[in-house]
Amino acid sequence: MKEVNYKDLKFNPFNLIGGEWMLASAGNEKDGCNTMTVSWGGLGCLWGHNDPVATIYLRPSRYTKTFVDKEEFFTLCVMDKSFKKQMAYLGSVSGRDEDKIKKAGLEPVFADGTVYFSQVKLVLVCRKMYAQELQEKDFFYPKTIEESYPQRDFHTMYIGKIEKVLVRDDEYLK
């Protein structure tokens with residue numbers, strides 16, 4: 001993996017998040033870690049000097065949320081298409097119940113105060129800046145609640161400043 005400047009990246013963020021999926025991961029070598037597949041989120045600039053940020057949404061029931069809540073950093077990892085089966089598995093099984101990272105054949109790399117995996121092709125190392133539980137009263141489009149939150153298990157939104165970008169090769173570079 002090599003570190004690159006976020007300004008040198010080229011990709012469609014809608015495809016990256018909604019199409020390729022990502023793994024949201026957090027933890028450390030001493031206390032453990034967890035990961036989960038995410039397909040909701042955003043990339044952009046916010047605050048400061050238009051700092052690059054990533055926004056993710058985690059439901060309260062997700063085990064990965066406990067790691068994101070207690071750690072300073074989280075990562076977003078994009079895997080090669082050959083990992084689609086593992087990505088589906090990582091999004092449907094809880095790390096509370098089994099070592100799903102090991103079962104998926106992923107090798108954790110503990111660096112920069114967080115965790116990612118040796119098999120990734122892109123890593124966004126994010127410093128947690130803000131978290132807020134979504135509130136029913138703040139939805140303007142009621143159909144969203146009916147379709148996405150019938151049990152009122154609203155996501156927590158996390159905004160992380162992208163502190164470091166790692167790439168395996170030049171696929172995402174200009």
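In which strand is Y130 found? In this predicted model, Y130 belongs to strand β9, which covers residues 122-133. The relative accessible area of Y130 is 33%, so the residue counts as partly exposed. Together with W47 and M129, Y130 makes a nonpolar surface patch of about 280 Å².

Strand β9 also takes part in an ionic contact. R127 and E163 form a salt bridge in which the closest N and O atoms are 3.0 Å apart. Because R127 lies in strand β9 and E163 in strand β10, the pair ties together parts that are 36 residues apart in sequence. Both partners have intermediate accessibility: E163 is partly exposed with a relative accessible area of 33%, and R127 is partly exposed at 30%.

The total for the model is 13 salt bridges. Among them is the pair of E136 and R152, with 3.2 Å between the closest N and O atoms. E136 is placed in the loop between β9 and α5, and R152 in the loop between α5 and β10, so this bridge ties together parts that are 16 residues apart in sequence. E136 is partly exposed, its relative accessible area being 37%, and R152 is likewise partly exposed, at 41%. R152 is also notable for its backbone: the residue has a positive phi of about 60 degrees although it is not a glycine. The loop that holds R152 runs between α5 (142-148) and β10 (156-167).

Within helix α5, K143 and E147 are four residues apart, about one turn of the helix. Their side chains meet in a salt bridge with an N to O distance of 3.6 Å. K143 is partly exposed, with 40% relative accessibility, whereas E147 is exposed, with a relative accessible area of 55%. Elsewhere, E3, D112 and K164 are joined into one network by salt bridges that share partners. D112, a member of this network, has a positive phi of about 55 degrees although it is not a glycine. The position of D112 is in the loop between β7 (108-111) and β8 (114-117), and at 35% relative accessibility the residue counts as partly exposed.

Open pockets were examined next. The largest pocket holds about 430 Å³ of space. Of the 24 residues in its lining, M36, T37, V38, R62 and G91 are the closest to the centre. At least two lining residues come from each of β3 (32-38), α2 and α3 (84-90), and β3 gives the largest share, four residues. By class, the lining of the largest pocket consists of 10 nonpolar, 10 polar and four charged residues.

The second largest pocket contains about 200 Å³ of space. Its lining is made by 13 residues, of which Y6, L9, F11, L43 and I162 are the closest to the centre. Strands β4, β5 and β10 each supply at least two residues of this lining, with the largest share, three residues, coming from β4. The lining of the second largest pocket divides into 11 nonpolar residues, one polar and one charged.

Enclosed space was also identified, amounting to two cavities of 30 Å³ or more. The largest cavity has a volume of about 50 Å³ and is lined by E20, M79, D80, K81, F83, K84 and M87. Three of these lining residues are nonpolar and four are charged, with no polar residue. The second largest cavity has a volume of about 30 Å³. Its lining is formed by I17, M22, V38, W40, G41, G42, L43, A54, T55, I56 and L76. Strands β4 (41-46) and β5 (51-58) each contribute at least two residues to this lining, which comprises eight nonpolar, three polar and no charged residues. V38 lines the second largest cavity and is also one of the residues closest to the centre of the largest pocket. L43 lines the second largest cavity and is among the residues closest to the centre of the second largest pocket.

A further position of interest is S61, in the loop between β5 and α2 (63-70). S61 is partly exposed, with a relative accessible area of 42%. The C-alpha atoms of S61 and L122 are separated by 27 Å, the two residues being 61 residues apart along the chain.

Technical notes: Residues are numbered from 1 along each chain as its sequence is written. This is a predicted model: local features need pLDDT of at least 70, side-chain atom pairs count only at pLDDT 80 or more; totals for chains, interfaces and linings use all residues. Side-chain values use heavy atoms; hydrogens and water are left out. On a 1 Å grid over the protein atoms alone, a cavity is a set of points where a 1.4 Å probe fits but cannot get out, and a pocket is an open set with protein on both sides within 12 Å along at least five of seven lines; lining residues have an atom within 4 Å of a point. Grid points are joined across faces, edges and corners, and a volume is the space filled by probe spheres set on the points. Ala, Val, Leu, Ile, Met, Phe, Trp, Tyr, Cys and Pro count as nonpolar, Asp, Glu, Lys and Arg as charged, and the others, Gly among them, as polar. Patches are made of residues with over 30% relative accessible area and no salt bridge: like charges are joined within 9 Å, nonpolar side chains (Val, Leu, Ile, Met, Phe, Trp, Tyr) within 5 Å. Accessible areas come from the Shrake-Rupley method with a 1.4 Å probe; for residues, only the protein chains shown count as cover. A salt bridge is a side-chain nitrogen of Lys or Arg within 4 Å of a carboxyl oxygen of Asp or Glu. Buried means under 20% relative accessible area, exposed over 50%, partly exposed in between (1.4 Å probe, protein chains only).
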